[in-house]
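Please open the model in your viewer and keep the sequence beside it. The tour below goes from one selection to the next and says what is there each time.

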Amino acid sequence: MAGSESVVIRSGLFRYPVPEGEQPALLACRCRGCGRIFFPAREICPDCFDAGALEETAIRGHGVVHASTVVHIPAPVGIPAPYAYGYVDMAEAPVRLFALFTGAEPAWFTPGREVELVIGPVRVDGQGREVIGFLFRPAAERRER
Amino acid sequence: MREVYVIGVGMTPFGKHPERSLRDLGREACLAALRDAGLGPAGIEGGYCGNALGPALQGETGIGQSVLWEVGVRGVPVVNVENACASGSTALHEGFKAVAGGFSDTALVVGVEKSVMPKGTMLNVGAAELEVQLGDVFPGTFALMAQQHMARYGTTREQIARVAVKNSAHGALNPYAQRRKALTLPEVLGSPMIADPLTLYSCCPNSDGAAAVVLATGERARRAGARAIRVAGSALTTGTYDARRDLTFWPSEIAAARQAYAQAGLGPGDVGVVEVHDAFTICEIVHCESLGLCAAGAGGRLIEEGATALGGRVPVNPSGGLLARGHPVGASGVAQAVEIAWQLRGQAGDRQVQGARVGLAQIMGGSQQGDARACTVHILVRD
């Protein structure tokens, strides 16, 4: 059950609430030197160092599950079992993200499945507050089938 | 660099020691190592202590100084090392560097930990990490690697579970081990699922315990006589932190193995006994591949063929490994060196590997973006 209060998992990762009319997005950065994208955003490109400047970019939309597992014990941070997580390769950016899965049975999220980014409740913390983070759910066209 | 030798080793039994403190456990291991080396505290010129969780779980800092003072060592440089599961082996690496580099002629290296949690509570470390905040748990991290290894190489659940069967059989022979019962394949596969495909007995236990090693120069080692074991290679690496890669191995381990073999002037074919970081069954399969005991992807077949069991071509984790000996986090890396020294000296009792002259110990700690934060490889040689 949603608590009356909610907290963002960490500031600077995404805008919350998601601005009306916008797609959920993660706030990342991109190196102008080598093009590599970093999430969470960082201050210095480890490859280009002084030769590369980082600019803000957003990661949004669809991706494909690269790896996944179903966890059968509750996470100490307060996620009930079973739940699934893994890595997702994003379609529109050369980036592989750690991904907590939601919106389907945990066993659904096998490699190759198409998923999409959502911003929403991840868990309830020790004080009963809803913790808002980023998750991946089955991509819309998949859910409609 | 000067040559460095292990001249004394000792450890406590690993397991549950609820009534004992970090300094109590550390003292027992240090005393055993000092007596094995035939040295008193005045003979020690530096101290290196691996501990990962003391500040978080026991509220203790400066544990190295506390433990070393228990055995009378004072007035010399003492360094506390935290590198997650590689804390103890990193302390060993630092002690090695001090002796090899000419800063001291002897060093006492100790790893000590109390990580047994009250029943029903989980070890919740690294809680500040974003991935942990999003539900990442240790077994899950390694389950992801197992899933990738199965998909890419056809490694089976049975092959992965056989690591626990083998290491529990080894642990049953080791009086220092926490788990002394040999498990069957159905018992490992049928234990409760933790993170698919890893079951309860695919995961190492939380443990309390300590282990210690005395290092010395060649001159000091000669006084110790036939018991001296040479540290032929000692490598410590950090991860590369880019998850956009093949997630069936750790780049940090490939690099550490390459460095240690190069230092030692030896290769995988020379190694006769191995201790690796089998915190979860899949780890041992991956380590066998990355250390060159078999080709990439062949780790499942290697365990199935029995090559890594006692009596096989290259026994891996004759102590029982982390799975059976137990895993007091900061002590495990030192305990591996203790086991290798016992094996090379022919003092390993019922679990003795016959005729081994070269031993290798590998352990890693922490995780970020699919790589380890720290990985060490040590190569020990009986000349």
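What share of the 145 residues of chain A counts as buried? The share is 44%, and you can keep that value in mind while you colour the chain by accessibility. Please note before going on that this is a predicted model, so every value on this tour is computed from predicted atoms.

**Select chain A.** Switch to a cartoon view and follow the chain from the N terminus, where the elements run β-β-β-β-β-β-β-β-β-α, which comes to 1 helix and 9 strands. Turn the chain along its principal axes, and its C-alpha atoms will be seen to fill a box of roughly 50 × 35 × 35 Å. A compact globule with 145 residues would have a radius of gyration near 15 Å, and the 16 Å of chain A agrees with that. If you display contacts with a separation of 6 or more, residues 24 or more positions apart account for 49% of them in chain A.

**Show the surface and charges of chain A.** The chain exposes about 7,500 Å², of which carbon and sulfur atoms supply 48%. Colouring by charge brings out 15 positive and 17 negative side chains, and the centres of these two sets lie 4 Å apart.

**Select chain B.** Here the cartoon shows 14 helices and 11 strands, and the C-alpha atoms fill a box of roughly 55 × 45 × 40 Å along the principal axes. For 383 residues a compact globule would have a radius of gyration near 21 Å, and chain B, with 19 Å, agrees. Buried residues make up 62% of the chain, while residues 24 or more positions apart account for 77% of the contacts in chain B with a separation of 6 or more.

**Show the surface and charges of chain B.** About 13,200 Å² is exposed in chain B, with 52% supplied by carbon and sulfur atoms. Its charged side chains are 33 positive and 34 negative, and the centres of the two sets lie 4 Å apart.

**Select the cysteines of chain B.** How many disulfides does the structure hold over all chains? There are 0, and Cys30(B) is a good place to look, because its sulfur is 7.8 Å from the closest cysteine sulfur, in Cys49(B), which is too far for a bond. Cys85(B) is likewise in no disulfide, the nearest cysteine sulfur, that of Cys204(B), being 7.4 Å away.

Are Cys30(B) and Cys85(B) buried or exposed? Cys30(B) counts as buried because its relative accessibility is 0%, and Cys85(B), at 17%, counts as buried too, since the cut-off is under 20% relative accessible area.

Conventions. Residues numbered from 1 in each chain as written. Chains lettered and ligands numbered in written order. Predicted model: local features only at pLDDT ≥ 70, side-chain atom pairs only at ≥ 80, totals over all residues. Heavy atoms only, no water. Helix = DSSP H or I, 4+ residues; strand = E, 2+ residues; numbered from the N terminus. Rg over C-alpha atoms; globule rule 2.2 N^0.38 Å. Buried < 20%, exposed > 50% of the residue type's maximum accessible area, 1.4 Å probe, protein only. Contact = heavy atoms within 4.5 Å. Areas by Shrake-Rupley, 256 points an atom, 1.4 Å probe, with all protein chains shown as cover. Lys, Arg positive; Asp, Glu negative; His and termini not counted. Charge placed at Lys NZ, Arg CZ, Asp CG, Glu CD. Disulfide = S-S within 2.5 Å.
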